[in-house]
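User: Please take a close look at the charged side chains here, and walk me through how they are arranged. I would enjoy one connected account, with the neighbouring details that help me find my way around.

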Amino acid sequence: MDEDDKLQEQRVLTLLKALKEASKDLHTNPFTSLCKINTHSNVAIDAFLVLEAKSVAIFQTHPNLRHLSESLSTLKAQIEKLEKFKGFGLRSLLRRQITLHKISHLANSIESQIQRYLDRVTVRDLVITMEHRDDEEEKVKALVEFQERLSQGFDLDFQDLILKARVFNILERTLFELMLSKRVQEEAAIAIAGLVKFNKNVFVGLVLMGPTIKALIAMASSVSIRVLCELVSFIRSPLVDEILCNGEIPRIVGFLCCQDFCVKVAAFACVLELGYIGRKEVIEAMLEEGLIKILMDLQRREGLLSEILEGDDLDLDLDSDSPFVSCVSRFAIQVEVGEGLSPEEKREFKLEILKMVMEASQSDAEAAEVSAEILWGSSP
């Protein structure tokens, strides 16, 4: 596609998006007055008629938009017909009401036609950009636009386009492509999470059967770990069991010792989700990796940092929402209120965590404070 064709396509897309909004306005804001078209409706009609006039020449010669052009002409004719019914007799009022209903129905149909066309363009551009173009900014832009479309909610026609174009496979390959930047890989990871939310019944299976989880953990970035945490929260036990079976628990706990603070924060959020959802073997695997000792160290450092900053009289907001404040008790509470353990297992793990706290504490005072938080909750 040469530069002129790109510019022409961009003009068409801009016009289509504006028409979609104008049609949506006509559909979602039906006229409420039978005696007089209200001001809001006049604005909606005027906006539509201006855009319809601009689109006639372009859409009639476009092979994929001729049907849309016919629908626009039909809607314009109904609007013109509405203007003729200005009387206050019963017949005029009934005709006006019928015409208003037709306008609303046509506007909804046009909005759907435009959305289907825009969806085809979105999927086409994503596939072409990810597989045949090298520009990083173009890839990121295509991925972000795809994510935005997914966030609008489920649509069967859009799902069919995604499946036929094998979009999931393209995104999954992107996670492993060494030549791509981490930024592109992270956007692909976010898009995969978006697909799972778009339709859990279809895309969860692809996540569980493929190497997506291993790729996210191998990326070892704050974004990839946040996506992993999001998937764990959404897919729940099947994914947690898969992580355990693949031997990935040590890697996740190990991220808490990473130099990158954002990675540590994301890893802690993931550990909390695993603690809430995981069955006995999952909790055991985390504790065997020295999780409590690591959390004790993080909590201790957080306390020391707060003391230093307060001693310097710096005007900083040191609230209780800091990432690792009371992190040991927060994990213990997740396990205690979680859904993966029996009541007996919860009691056993609580005692085991208390024992580990005693072993990892540097003083009796520290042990008493953390144990009290686990037993009674942290003080305000």
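Analyst: Helix H4 is the largest contributor to the positive surface patch, giving 3 residues. Please keep in mind that this is a predicted model. The patch is made up of Lys81, Lys84, Arg91, Arg95 and Lys102. Two helices, H3 (66-84) and H4 (90-132), each contribute at least two of these residues. If you would like a residue to start from, pick Lys81, which sits in helix H3. Lys81 has a relative accessible area of 34%, so it counts as partly exposed. That value also clears the patch cut-off of over 30% relative accessible area. The cut-off goes together with a second condition, that a patch residue has no salt bridge.

Now for the opposite charge. A negative surface patch is formed by six glutamates: Glu284, Glu288, Glu289, Glu344, Glu348 and Glu352. Here too, two helices each supply at least two residues, namely H15 (280-288) and H18 (343-360). The biggest share comes from H18, with 3 residues. Glu289 lies outside those helices, in the loop that runs between H15 and helix H16 (291-311). Its relative accessible area is 37%, and therefore Glu289 is classed as partly exposed.

From that loop you can step straight into H16, where charges are paired. Arg301 and Asp297 form a side-chain salt bridge there, with an N to O distance of 3.1 Å. The two residues are both in H16 and are 4 residues apart, about one turn of the helix. Asp297 is partly exposed, because its relative accessibility is 27%. This pair also belongs to something wider: a network of salt bridges links Asp297, Arg300, Arg301 and Glu366.

How many salt bridges are there when charged side chains are paired by a 4 Å nitrogen-to-oxygen cut-off? The count comes to 16. Two further examples are worth a look. Asp125 and Arg124 join their side chains in a salt bridge, at 2.8 Å from N to O. Asp125 is partly exposed because its relative accessibility is 24%, and Arg124 is partly exposed as well, at 32%. The other example is the side-chain salt bridge of Arg133 with Glu138, where N and O are 3.5 Å apart. Arg133 is partly exposed at 34% relative accessibility, and Glu138 is partly exposed at 34%. Arg124, Arg133 and Glu138 have accessibilities over 30%, yet each takes part in a salt bridge. Patches take residues without a salt bridge, so these three stay out of them.

One more charged residue stands out for its backbone. Arg236 has a phi near 70°, a positive value in a residue that is not glycine. Arg236 is placed in the loop between H11 and helix H12 (237-245). With a relative accessible area of 26%, Arg236 is partly exposed, so it falls below the over-30% cut-off for patches. Ala220 also shows a positive phi without being glycine, near 55°. Ala220 lies in the loop between helix H10 (212-219) and helix H11 (222-235). Ala220 is partly exposed because its relative accessibility is 29%.

For contrast, look at helix H1, which covers residues 3-28. Its 26 residues reach 37 Å from the first C-alpha to the last, close to the 38 Å expected at 1.5 Å a residue. Which residues of H1 are buried? They are Glu9, Val12, Leu13, Leu15, Leu16, Leu19, Lys20, Ala22, Ser23 and Leu26. Two charged residues, Glu9 and Lys20, are in that buried set. Buried means under 20% relative accessible area, so Glu9 and Lys20 cannot meet the over-30% cut-off for patches.

Finally, is Trp376 buried or exposed? Trp376 is exposed, because its relative accessible area is 74%. Trp376 belongs to helix H19 (residues 364-376). From C-alpha to C-alpha, Trp376 is 9.4 Å from Ser329, and the two are 47 residues apart in sequence.

Technical notes. Residues are numbered from 1 along each chain as its sequence is written. This is a predicted model: local features need pLDDT of at least 70, side-chain atom pairs count only at pLDDT 80 or more; totals for chains, interfaces and linings use all residues. Side-chain values use heavy atoms; hydrogens and water are left out. Patches are made of residues with over 30% relative accessible area and no salt bridge: like charges are joined within 9 Å, nonpolar side chains (Val, Leu, Ile, Met, Phe, Trp, Tyr) within 5 Å. Accessible areas come from the Shrake-Rupley method with a 1.4 Å probe; for residues, only the protein chains shown count as cover. The place of a charge is taken as NZ of Lys, CZ of Arg, CG of Asp or CD of Glu. Buried means under 20% relative accessible area, exposed over 50%, partly exposed in between (1.4 Å probe, protein chains only). The expected span of a helix is 1.5 Å times one less than its number of residues.
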